[in-house]
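Here is a brief report on one protein model. It covers the fold, the surface, the charged contacts and the confidence.

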Amino acid sequence: MSEFQYGLLITAIGMGLVFAVIIFLWGLMALMMRMTSGRKHDQSPAGDEPITDAPMVAELKTAEGQRRAAAAAVAVRTALSAKRKTDMRGIEDRRGDLSPWQAIHRPQHFKSTHRRG
């Protein structure tokens with residue numbers, strides 16, 4: 001057997017072992033899920049009373065109202081934030097490119113630095 005064939009054999013054995021372990025772990029997890037899922041057998045209620053959703057309707061209406069109020073609050077906050085950003089852009093444009101502090105100190109900074117090279 002040549003070195004190339006020996007290398008291919010080792011590669012095939014390694015890949016086969018990896019896939020075998022993956023399949024083994026998959027089966028082990030499936031077995032553990034079946035054992036620990038705690039699934040109850042089909043037990044239908046043994047009562048003559050019909051089951052209705054009447055109590056849940058009021059709760060759903062309240063929850064829907066709260067969701068709508070929260071959505072409205074978020075929409076208002078987003079609109080106000082966008083307006084404030086627009087107003088701030090106007091202030092920045094009026095100041096120009098440099099503030100007075102930058103206009104004075106920037107040339108001094110360039111004078112005091114050593115240039116390498």
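## Fold and surface

From the N terminus, the elements of the protein follow the order α-α-α. That makes 3 helices and 0 strands. The model is predicted, and its mean pLDDT is 80. A score of at least 70 is reached by 71% of the residues.

Confidence varies along the chain. Helix 1 has the highest mean, at 96. Helix 3, residues 100-112, has the lowest, at 75.

Helix 1 covers residues 3-36, which is 34 residues. From its first C-alpha to its last it reaches 49 Å. The expected figure, at 1.5 Å a residue, is 50 Å, so the two values are close. After helix 1 comes G38, with a positive phi near 65 degrees.

How much of the protein is buried? Buried residues account for 0% of the 117 residues. The accessible surface is about 11900 Å². Carbon and sulfur atoms contribute 63% of that surface.

One nonpolar surface patch measures about 700 Å². Its members are V21, F24, L25, L28, L31, M32 and M35. M32 lies in helix 1. This residue counts as partly exposed because its relative accessibility is 47%, between the cut-offs of 20% and 50%.

## Charged contacts in helix 2

The salt bridge count is 2. Which residues do these bridges link? E64, R67 and R68 are joined in a network. E64 pairs with R67 and also with R68.

| Salt bridge | N to O distance | Separation in helix 2 |
|---|---|---|
| R67 and E64 | 3.0 Å | 3 residues |
| E64 and R68 | 3.3 Å | 4 residues |

Helix 2 spans residues 54-95. Why can E64 meet R67 along this helix? The two residues are 3 apart, so about one helical turn separates them. The pair E64 and R68 is 4 residues apart, which again means about one helical turn. An α-helix has 3.6 residues a turn, so residues three or four places apart point the same way.

Are the three side chains buried or exposed? R67 counts as exposed because its relative accessibility is 52%, over the 50% cut-off. R68 is exposed too, with a relative accessible area of 60%. E64, which takes part in both bridges, has 32% relative accessibility and therefore counts as partly exposed.

## Summary

The predicted model runs α-α-α, with 0% of its residues buried. Helix 1 has the highest mean confidence and contains M32, one of the residues in the nonpolar patch. Helix 2 holds E64 and R67, as well as R68, and these residues form the salt bridge network. Helix 3 has the lowest mean confidence.

How values were computed. Residues numbered from 1 in each chain as written. Heavy atoms only, no water. Patch = residues over 30% accessible without salt bridge, like charges linked within 9 Å, V, L, I, M, F, W, Y side chains within 5 Å. Areas by Shrake-Rupley, 256 points an atom, 1.4 Å probe, with all protein chains shown as cover. Salt bridge = Lys/Arg side-chain N within 4 Å of Asp/Glu carboxyl O. Buried < 20%, exposed > 50% of the residue type's maximum accessible area, 1.4 Å probe, protein only. pLDDT = per-residue confidence, 0-100.
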